[in-house]
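Biologist: I would like to go through this model with you one question at a time, beginning with the separate chains and ending with the places where they meet. Please give the reasoning before each result.

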Amino acid sequence: MKSSPHSQQATSLLAQWQETFSLALFDQLTPELQEGFQETSDTACKQRFAIYQNNIFYSLATALGDLYPVVKNLVGDDFFTGTAGVYFRQYPPQKAAMVFLGENFADFLRTFEHTQKMSYLADIAELELARHRSYHAADKDPLVAEVIAHMAPELLASSSVELHPSLHYVSSSDPIFSIWQNNQEDIHNKQDESQQESQQKTITLGEPQQVLVVRPIYTVCMYHIEKSVYDFIQHLHHRDTIANAIENTLKDHLEFDVGQSIQFILQTQLITHINQTVDD
Amino acid sequence: MLKNILDTMKKDTLHGVGIGLKAQHYDDILATKPPLDWLEIHPENYMGAGGLPHKYLREICEHYPLSMHGVGLSLGSADGVSDEHLTALTTVVKRYQPAQVSEHLSWSHWNQHFLNDLLPLPYNQESLQIVVSNVHKVQDALQQAIYIENPSAYLGFHQSDMSETDFLHALVKQTNCGLLLDINNVYVSANNQHYSPKEYLDHYPLHAVGEIHLAGHASEVIDNDVVLIDDHGSPVIDDVWALFSYALQKMTDNNLLSPPTLIEWDTDIPELSVLVNEADKARKIQKITTQNPVKGKDNYRGTSE
C-alpha cells in the first residue's frame with residue numbers, strides 16, 4: 001500500500017492519523033502510532049492492533065478464496081492465503097462491496113513470480129471472475145426461440161442481435177474448461193470424502209480452449225466452444241449483422257458450421273433482442 | 001421536509017425481533033416462513049445488478065419487513081464518504097425501500113483503499129465534525145435519517161478528549177440521526193477498555209435509539225488480560241442478555257418504546273432454527289420489560305431536515 005499526494009482534507013490531524021493507521025495495518029505498528037494507544041504495555045498494543053490486521057486479512061483472503069475456489073484448490077490453502085496477502089498489499093481493495101473484490105487478481109497472477117510455472121492459473125482466475133460477474137449481472141429475459149424461427153431468413157440475415165448481459169467468454173492457450181471441471185470433483189470431495197472414485201479426465205497442457213459463460217435465468221452455465229463459434233459470438237457481440245458475422249467467421253474458419261452454431265446460440269439462450277435493419 | 005415525513009410513514013415500521021438474513025437460509029426462510037418480525041441485510045451484498053441474491057430478496061421482502069445495515073460507508077473517514085459507494089447504496093435503498101437504514105461509527109477507507117473492517121475513531125471535536133459532515137451527506141442523498149451504531153473497540157486513543165456517549169449525544173444533536181445500540185459492542189468495548197457497561201448505558205442517549213443489536217463474541221488472552229473479539233459467531237452470552245434487559249428497563253422507565261431488536265450471526269453460521277430461538281429469547285425479554293406500557297411513549301423515528 002503506497003501513500004499518495006494529500007488531498008485538500010488530508011491536512012487534518014485525523015487524516016494524517018488514518019494514513020499512519022492504514023499503512024501500519026498493511027505493514028507493522030509504528031512507535032509513532034503506538035504512542036497514541038491508551039494501552040501501556042508493548043505486547044498489548046501490538047497484539048490488540050494485530051486483531052484489526054488479522055480481521056482484515058482473514059476476511060479479505062476468505063472472500064477472495066470464495067471467489068476463486070479453483071485457483072485456491074490448484075495452489076493449496078496455505079499458498080493461496082500467502083498469495084492473497086501479497087496481492088492485497090499490492091492491490092488494496094478499491095471498493096467497499098465484496099461483490100467487486102479481486103477484479104484484477106488474474107492480472108496479478110500473470111506477473112506473480114511464484115505462480116509463473118502454472119501458466120494456466122491466471123486464465124483459470126479469469127474464468128472464475130467471468131462466472132462471478134455472470135452470476136451478479138443484470139437480469140434480462142432471453143428471446144423466445146420461436147420469434148427467430150418465424151422470421152424470414154433474409155430479414156434475419158440483415159439483423160443484428162443483442163446478447164445477454166451475463167455473457168462472458170474466456171480464451172486460453174491451455175485447457176481451462178477441463179482444468180475447471182476436474183477441480184470441481186476435488187472441491188466437492190473435500191466436503192464429502194466418501195466419494196473417492198475419480199472421474200477426472202487427462203489434461204494435456206498447451207491445448208487451447210475457449211469457454212463461454214452465460215446466465216440466461218438464474219443458473220450460471222458454462223460451455224467449451226470451438227474457436228470458430230467463439231469468434232462468431234464475438235462478431236455478434238460487436239453488433240455485426242448475422243450475415244456479416246457469418247462471413248467474417250468463415251474468413252478465418254473454413255470449417256465453421258453455420259447451422260450448428262445458430263442452433264447452439266438459440267439453445268443456450270444468448271439472444272435477448274433482435275435489431276431488424278430496414279433496407280432503403 | 002413534509003414529503004420526507006410522509007415517505008417515512010408509508011414504509012413498514014419495524015417492531016419486535018428480527019435476524020440478519022444469510023444466503024444459506026434463503027430457501028429455508030421461504031419454505032418455513034419462521035415467526036420473525038423483520039430481517040436485516042448488508043446492502044453491500046446486493047450491489048450487484050441482478051441474479052439470485054436479488055430474486056431471493058424480492059421474494060423474502062414479500063413476507064418480511066426489511067432493514068439495511070451498511071458496512072461500507074466509512075462515516076469516520078477524513079477523506080469523506082465515497083460518492084460511488086453512496087450512489088450504489090442509494091440505488092439499493094430505492095430498489096427495496098427498507099424500513100430503516102443504519103451504519104457504523106467507524107472508518108474503513110483511506111486514500112480510496114477499503115480495509116474491510118470497522119476501525120475505531122478517536123473522539124474529539126475534529127472527528128465529530130468529520131462524522132457530522134459525512135452523516136449529513138448520506139442523509140441528504142438517501143433523504144432519510146440513518147441509525148448509527150456504536151462500535152466494538154480493541155484499542156482506545158490518547159487523541160480522544162470526549163467519551164463515546166458524549167460523542168453520540170453531539171452527533172444526534174447536530175445531524176438528527178437515530179442510533180443503533182449494539183449491546184454486544186457495549187459489552188465488548190467496556191471489557192476491552194476497562195469501564196462499566198452499565199455506566200456507559202447510563203450516559204448513552206437512549207431517546208435516539210431506533211434499533212438494538214445482539215450478538216455473540218469470542219475472547220482471547222493478551223498480556224494476562226481477557227480481550228473480547230466481536231466475531232458474531234456464537235450465541236448471545238448471559239451477561240449480554242442481562243445488559244439488554246438493563247437497557248430496555250431504562251428505556252421503559254424513561255417512557256421510551258422497546259426498539260426493534262436484531263440477532264446478528266455472521267461467522268460459523270448455524271441452521272436457521274438456532275437464530276429463530278435466539279430471536280424468541282430476545283422477544284421474551286422485550287415482553288417482560290414492557291409488561292406495563294406507559295401511554296405517550298415515543299421512540300425515535302427521525303427524518304432528515
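Biologist: How many helices and strands does the secondary structure of chain B come to?
Modeller: Please keep in mind that this is a predicted model. The C-alpha atoms of chain B fill a box of roughly 50 × 45 × 40 Å along the principal axes. Its secondary structure comes to 10 helices and 12 strands.

Biologist: What radius of gyration does chain B have, set against the globule rule for 305 residues?
Modeller: Buried residues make up 50% of the 305 residues in chain B, and among its contacts between residues at least 6 apart in sequence, 79% join residues at least 24 apart. The globule rule gives 19 Å for 305 residues, and the computed value is close to that, so chain B is as compact as a globular protein of that length, with a radius of gyration of 18 Å.

Biologist: What is the radius of gyration of chain A, and is the chain spread out or compact?
Modeller: Chain A has 13 helices and five strands. The globule rule gives 19 Å for its 280 residues, and the radius of gyration is well over that, so chain A is more spread out than a compact globule, at 25 Å.

Biologist: What percentage of the 280 residues of chain A count as buried?
Modeller: The C-alpha trace of chain A spans about 80 × 55 × 30 Å along its principal axes. Of its contacts with a separation of 6 or more, 68% are between residues 24 or more positions apart. The residues of chain A that count as buried come to 34%.

Biologist: How far apart are the centres of domain 1 and domain 2 of chain A?
Modeller: The domain assignment gives domain 1 as residues 13-118 and domain 2 as residues 140-275 of chain A. Four residues of domain 1 are in contact with four residues of domain 2, and the domain 1 side of that contact has three nonpolar, one polar and no charged residues. Taken over C-alpha atoms, the centres of the two domains are separated by 36 Å.

Biologist: How wide an arc around the axis do the buried residues of α5(A) cover?
Modeller: Helix α5 of chain A has 14 residues, 77-90, which at 1.5 Å a residue should span 20 Å, and its end C-alpha atoms are 20 Å apart, which agrees. Buried in α5(A) are A:F80, A:T83, A:A84, A:Y87 and A:F88. These residues lie on the same side of α5(A), because the arc they cover around the axis is only 130°.

Biologist: Which element gives the largest share of the side of chain A that touches chain B?
Modeller: The contact takes 46 residues from chain A and 42 residues from chain B. On the chain A side, the elements that give two or more residues are α1 (13-25), α3 (42-67) and α7 (121-136), and the residues of that side divide into 25 nonpolar, 15 polar and six charged. The largest share, 11 residues, comes from α3(A).

Biologist: Is B:F157 buried, exposed or partly exposed?
Modeller: B:F157 is found in the loop between β7 (147-149) and α6 (164-175) of chain B. Leaving aside neighbours within four places in sequence, B:F157 is in contact with A:G36, A:F37, A:Q38 and B:P122. A buried residue needs 20 or more other C-beta atoms within 10 Å, whereas B:F157 has 19 and therefore counts as partly exposed.

Methods
Residues numbered from 1 in each chain as written. Chains lettered and ligands numbered in written order. Predicted model: local features only at pLDDT ≥ 70, side-chain atom pairs only at ≥ 80, totals over all residues. Contact = placed C-beta atoms within 7 Å. Helix = DSSP H or I, 4+ residues; strand = E, 2+ residues; numbered from the N terminus. Nonpolar A, V, L, I, M, F, W, Y, C, P; charged D, E, K, R; others polar. Rg over C-alpha atoms; globule rule 2.2 N^0.38 Å. Buried ≥ 20, exposed ≤ 12 C-beta atoms within 10 Å, placed from the backbone. Domains from an automatic or database assignment. Expected span 1.5 Å × (residues − 1). Arc of directions from axis to C-beta.
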